[in-house]
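Here are some notes for a colleague who is opening this entry for the first time. Please read them with the structure in view.

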Amino acid sequence: MLFRKLLFLGSLLSAHVTACQPIALPQALGPTAVLGQPGQWQGPVAAVAAASQKITARVVPFWQGGKYGLLTPQGRVILAATSSFMPQPVSRSGHVWAASAPAGAAGRLVLLTDSGRVLGYFEQAQPAGGRWGWVQALGARHTITLFDSVGYLLRATPYGKLEEPHENLLVMALPDSTLPGTSGAVLPGRRGLLDQQAREVVPPRYRYLASFSHGYAPIAEDRGPRQPLRHGVLDHQGHEHWLGTTGSEAALRYQGGFFSGYSNDKGAAIALGIDGQVLVPYTAGLSRIERTQSGAPGGLIEVRGQDRSVLNQRREGWGLYDTLLRPTLPPRYQGLREGTRDWIVFEDFAATGLGAPDLPRKGAAWHGRLAVPATYSNVQITPDGRFALAGGWQPDTRTVVYALSERGGPLRLLPGYTAVNYLGHGVLAVQQGGRWGLLRTDGQVLRPCRDEQPLTELQQGLYFSQGPGPWNLPLADTLGRVVLPAGKYETAACFTPTLAWVQQQGSYGICNLRTGQVVVPPCLAEPPRSLTGGSYWGHTTDGTTLIGHDAEPPIRIAGSDFQPVSIQWPYLIAGIKGRNDWQLYNGQGQLLSTEVTRLEGSFRNGVIWAGNAAGRYALLDTRGRALTPFRYQLIMDLRQNWAPFGGGLGLARTEAGTTVVVDCFGREYAW
């Protein structure tokens, strides 16, 4: 039972209306507490909510006497505890809910709104496809009733189901029927189209109707008893386009904008337009014409046919056609191996001179156009998708040659280099004469080839040292511009995308690489340590702990033995002092408590869970005040609970073992 509650928490917290106004609070919020002096609690006070605290969840399921019900965050019961299962939101907005119906009702489910208005009794209920927020409820007669996202009736329909929409139209179908006899075979209901006003664009008359693809939806209808189906497509206005007799000997399939199929009699494939015109004839000598499955960009079309590039050798190869069925890459390649949004890598049949038989050469095409010829043993598409980097041994010159094409542009050779690696942002690590350096893809030398080991990555992906060592100045960016000059500091290195530590006479400081200003003068005893989110900390030479975030002014905490564990900048900082002394500070460096040992997750809706050494949890706001005592055991690790307080609500378990809902003001609701 508890596990079912946990599974439901995600849908409960995600089914909220973000555009609604904060729910008005009762006059008495109940006893809460605030953090006072370290380790001490001050008496009950009225909670003052931070501006970010907001309850947007409309209803809360509760459990009572072995049954489930629904109530509002103000405590008003809108569904008594009569449901045998936990009520579920069936609209994406969270306004429409389903629960089990009472005995004797006309359906298994009762559908109701978050205000308690009963919509009816049904057998099934679920969100309809699309972005319109509809709810489809299946009645006892196997037909669906449509409601909008807030529970208003759209229409009672004769349809049996709605399928996934495409391009603002929804495929609907009449109820399936069972064929007469004892076989129990089911005849699928005929299909049609609805628009986003629930109007019939096309009445349900087709035996087959699929979603739109490339402007058309494939359809099929009966021709008569024992006759094959008639195939065609529909446009967005509901106009039909039927295939004629051309290509009828081939098993035609809709490929998105055209039909294609292979004829055994002709021994070739054909492609037809939506009105039956021949786009690729049998005489083209292709055996396959279909939308790419290899990840080629732009909806390119894969073709397979006779490779005529080699005389007296009969073999089939792969190639590409564009979206207008015009050849872009001839069918002469062994395979289309990998693709990105813009690139595709292919392999040739050639296998001479590489020292290993049948080892294919590779090339690359940009949007189907040849950019890198298949003369290289290795071709890689860079992670940013900008470049195709090719290289390998060339038997004719007996040298290793590298080349680069940017977005399908002219192939740029990289002569004289024996190894090339892409580091990002248009920067290459290159080897020459056994030494490594840095080169921009436009040919600009950033760092001469003088290093024994290659640079495997740039500092924060953006910077590198122009000095003799990796930490020497000057520090430059990927355009070769100096962002931190030499002379004033001895060494430097980036530790965030905007900050670098600098060393001067044994002490460390922090500089802003965007402005060149000093954020922290050299006063740290060690290089600063970075944390997730852009925060950092370090110990100073005068015995304090310095904590900062990006280029904002840092704060100081007395003592060089304080180590931050969780920084929720600019609100709270939790850490350990010495071996076992935990401390909680606010963003101004003021000590709030010595009871908090950890902060779970991050702030959401202005609150965060905080734990103590006894394994109990309290709810804190952004000012570090406790909205509840330390009286909860979390029943789910917040790293798994993807939306704690996403609608202003969280789930917790008390010391007595009772599961409760806690809102972002610290109030409890019986579960």
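1. Glu600 is buried, its relative accessible area being 16%, under the 20% limit for that class. The model is a predicted one. Glu600 forms a salt bridge with Arg598, and the closest N and O atoms lie 3.6 Å apart. Arg598, in contrast to its buried partner, is partly exposed, at 30% relative accessible area.

2. Some salt bridges share partners. Arg205, Glu221, Arg230 and Glu240 are joined into one network in this way. In total, the structure holds 30 salt bridges.

3. Another pair to look at is Arg199 and Asp195, whose side chains meet in a salt bridge with an N to O distance of 2.8 Å. Is Asp195 buried or exposed? Asp195 counts as buried, because its relative accessibility is 11% and the class takes in values under 20%.

4. Glu406 and Arg386 also meet through their side chains in a salt bridge, at 2.8 Å from N to O. This pair links distant parts of the chain, with the two positions 20 residues apart. Glu406 belongs to strand 36 (residues 399-406), while Arg386 sits in the loop between strand 34 (378-381) and strand 35 (387-394). Glu406 is partly exposed, with 27% relative accessible area. Arg386 is partly exposed as well, with 21%.

5. Turn next to a sheet. Strands 42, 43 and 44 form an open sheet of three strands, in the order 42-43-44 and with antiparallel pairing. Which strands stand at the edges? They are strand 42 (463-465) and strand 44 (482-484); each has a single partner strand, so one side of each has no neighbour in the sheet. On average, neighbouring strands here are turned by 40 degrees against each other, direction ignored.

6. Within that sheet, strand 43 (residues 475-477) and strand 44 run antiparallel and are joined by two bridges. Ala476 has Val482, in strand 44, as its bridge partner.

7. Last, the protein as a whole. One helix and 63 strands are found in it. Of its 671 residues, 52% count as buried. The exposed area is about 31,800 Å², and carbon and sulfur atoms supply 50% of that area. Among contacts with a separation of 6 or more, 33% are between residues 24 or more positions apart.

Terms used
Residues are numbered from 1 along each chain as its sequence is written. This is a predicted model: local features need pLDDT of at least 70, side-chain atom pairs count only at pLDDT 80 or more; totals for chains, interfaces and linings use all residues. Side-chain values use heavy atoms; hydrogens and water are left out. Two strands pair if DSSP finds at least two bridges between them. Helices (H or I, at least four residues) and strands (E, at least two) are DSSP runs, numbered from the N terminus. Axes are lines fitted to C-alpha atoms, for helices over the stretch in contact, and angles run from 0 to 180 degrees between N-to-C directions. Buried means under 20% relative accessible area, exposed over 50%, partly exposed in between (1.4 Å probe, protein chains only). Contact means heavy atoms within 4.5 Å. Accessible areas come from the Shrake-Rupley method with a 1.4 Å probe; for residues, only the protein chains shown count as cover. A salt bridge is a side-chain nitrogen of Lys or Arg within 4 Å of a carboxyl oxygen of Asp or Glu.
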